[in-house]
Amino acid sequence: MVVGEVIGNIWATRKEDGLVGLKFLVVKPDHQASTPEASTFVAVDRIGAGVGDKVMVTRGSASSHLQEGPAIPIDALIIGIIDSVEVERGGANG
Amino acid sequence: MVVGEVIGNIWATRKEDGLVGLKFLVVKPDHQASTPEASTFVAVDRIGAGVGDKVMVTRGSASSHLQEGPAIPIDALIIGIIDSVEVERGGANG
Amino acid sequence: MVVGEVIGNIWATRKEDGLVGLKFLVVKPDHQASTPEASTFVAVDRIGAGVGDKVMVTRGSASSHLQEGPAIPIDALIIGIIDSVEVERGGANG
Amino acid sequence: MVVGEVIGNIWATRKEDGLVGLKFLVVKPDHQASTPEASTFVAVDRIGAGVGDKVMVTRGSASSHLQEGPAIPIDALIIGIIDSVEVERGGANG
Amino acid sequence: MVVGEVIGNIWATRKEDGLVGLKFLVVKPDHQASTPEASTFVAVDRIGAGVGDKVMVTRGSASSHLQEGPAIPIDALIIGIIDSVEVERGGANG
């Protein structure tokens, strides 16, 4: 999963069937520097995240493994709102 | 999902079974700068998108999770035509 | 899907079960410049593509969604031989 | 699979259903230099890994192929704690 | 699929259930130059590949589509030991 910050909302009235009622948020990943992966992307939110929240996001088809209903065509899902992160600095530099 | 603009059409008469009748569009992602991910790609459209539309696109195998019929071998699906995007500038720079 | 050109053939006698009889082709994606994604890769062909053909290729696990039989361990499938592409230049630069 | 080092922990109280009780760890891949893929990411651990361990991590939707229960929306799973790696130098440079 | 060379072995005693008995090899992709994708990775081998062999590798969740048993959490599988590759030079430069 990637860690990022919710920075916006996006709306689309005309959509694929099966996506009606889902909330779409714009997420900016917390990557170092300006890597390609630092590009913002759109994720579905079902847990009440909002702008400014730090979130964990599952990307790829696993994001469509919802606990109920059929698989839907989405490729990013906010799976958690982060309370805290504890990283070993020595480890990060080793 | 990535946000992009539809910039063209592509036609292929000889195709894999199961793909007959699908519309294929060329999409240019809205990424900053010239990252690898800024390369154009081809996506299936089933919601009536056309050249010039801003769209949300699901990439990877989740794009084949259509609501009816068997899974098909496609890796990009236009899932929404975007009405509006609202991004917090402070958040984007934080 | 990515657009590319078939540039060669590859043979492997010793293979995973379930892949016997498949044709493997070397594909060079049509990406701009020398991005990482411009690297050549190997794709399965079941529609009669050959060296010099412009093709559409599905990458990732969706490429194993064949219309018959069980899923097989392949991650790239040629899904169409391209007849024509029509891209709006204004759109591409916008 | 990628090889990396566990460098931290991450907590999220508010989560998608189906993820309660899972342990999330921060992993730094062992890639050469500062490639995009060298960015840290979050992986689920079910085998008792901890900070400082060298681990093998499966990324993408295959990480949700757990041996019991339904598929869950995660995209990285620690699948092994590495005992040793033996690499041919000649091979690596050839 | 990517083409690469087997350059080593990796061992992990403590692993996810379902992976016991699998052989894990270190593979170096044959990409041009030092692209991110040229990083080595770990793949499962079930066809008897060894150090020095040129192999085709399926990456992503399709690699877990084995012909028997349940899906397992792996993201790279050696699917063939390469006998020969024939690439059109003109095509590669065109």
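**Exercises on the chain interfaces**

Across the interface of chain A and chain B, the rule (a side-chain nitrogen of Lys or Arg within 4 Å of a carboxyl oxygen of Asp or Glu) finds one salt bridge. The model is predicted, so that local features need pLDDT of at least 70 and side-chain atom pairs pLDDT 80 or more, while totals for chains, interfaces and linings use all residues. Residues are numbered from 1 along each chain as written, chains are lettered from A and ligands numbered from 1 in written order, and side-chain values use heavy atoms, without hydrogens or water.

**Exercise 1.** Identify the two residues that form the salt bridge, and then the strands that supply the side of chain A that touches chain B.

*Solution.* Step one is to locate the ion pair: A:E16 of chain A is bridged to B:R46 of chain B, and their closest N and O atoms lie 2.7 Å apart. Step two is to look at the elements around it, with strands taken as DSSP runs of E of at least two residues, numbered from the N terminus: on the side of chain A that touches chain B, at least two residues each come from β1 (2-11), β2 (14-15), β3 (23-29) and β4 (41-45). Step three is to rank them, and here β1(A) gives the most, with six residues.

**Exercise 2.** Describe the extent of the contact between chain A and chain B, and name the residues of chain A that lose the most area.

*Solution.* Begin with the residues in contact (heavy atoms within 4.5 Å), of which chain A contributes 35 and chain B 34. Next take the buried area (accessible area, 1.4 Å probe, lost on being put together, summed over both), which for chain A and chain B comes to about 2800 Å², with 55% of it on carbon and sulfur atoms. Finally, the residues of chain A that lose the most area to chain B are A:W11, A:R14 and A:E16, which together account for 23% of what that side buries. A:E16 is also the residue of chain A in the salt bridge with B:R46.

**Exercise 3.** Determine in which sense β1(A) pairs with strand β7 of chain B, and find the bridge partner of A:I10.

*Solution.* Pairing requires at least two DSSP bridges between the strands; β1(A) and β7(B), residues 84-87, have four bridges and run antiparallel. Within this pairing, A:I10 has B:V85 as its bridge partner in β7(B).

**Exercise 4.** Work out which axis relates chain A to chain B, and which residue of chain A comes closest to it.

*Solution.* Superposing by least squares on C-alpha atoms with pLDDT of at least 70 in both copies, chain A is placed on chain B by a rotation of 72° with 0.0 Å of shift along the axis, at an RMSD of 0.0 Å. This is therefore the relation of a five-fold axis. Among the residues of chain A, A:S61 comes closest to the rotation axis, its C-alpha being at 4.9 Å. The copies use different surfaces, since 9% of the contact residues of chain A recur in chain B.

**Exercise 5.** Carry out the analysis for chain E and chain D, covering the area that they bury and the strands that pair.

*Solution.* Chain E places 35 residues in contact with 34 residues of chain D, and the two chains bury about 2800 Å² between them, 56% of it on carbon and sulfur atoms. E:W11, E:R14 and E:E16 supply 23% of the area that chain E buries against chain D, more than any other three residues. E:E16 forms a salt bridge with D:R46, at 2.7 Å between the closest N and O atoms. Lastly, β1(E) is joined to β7 of chain D (residues 84-87) by four bridges in the antiparallel sense, and E:W11 in β1(E) has D:S84 standing opposite.
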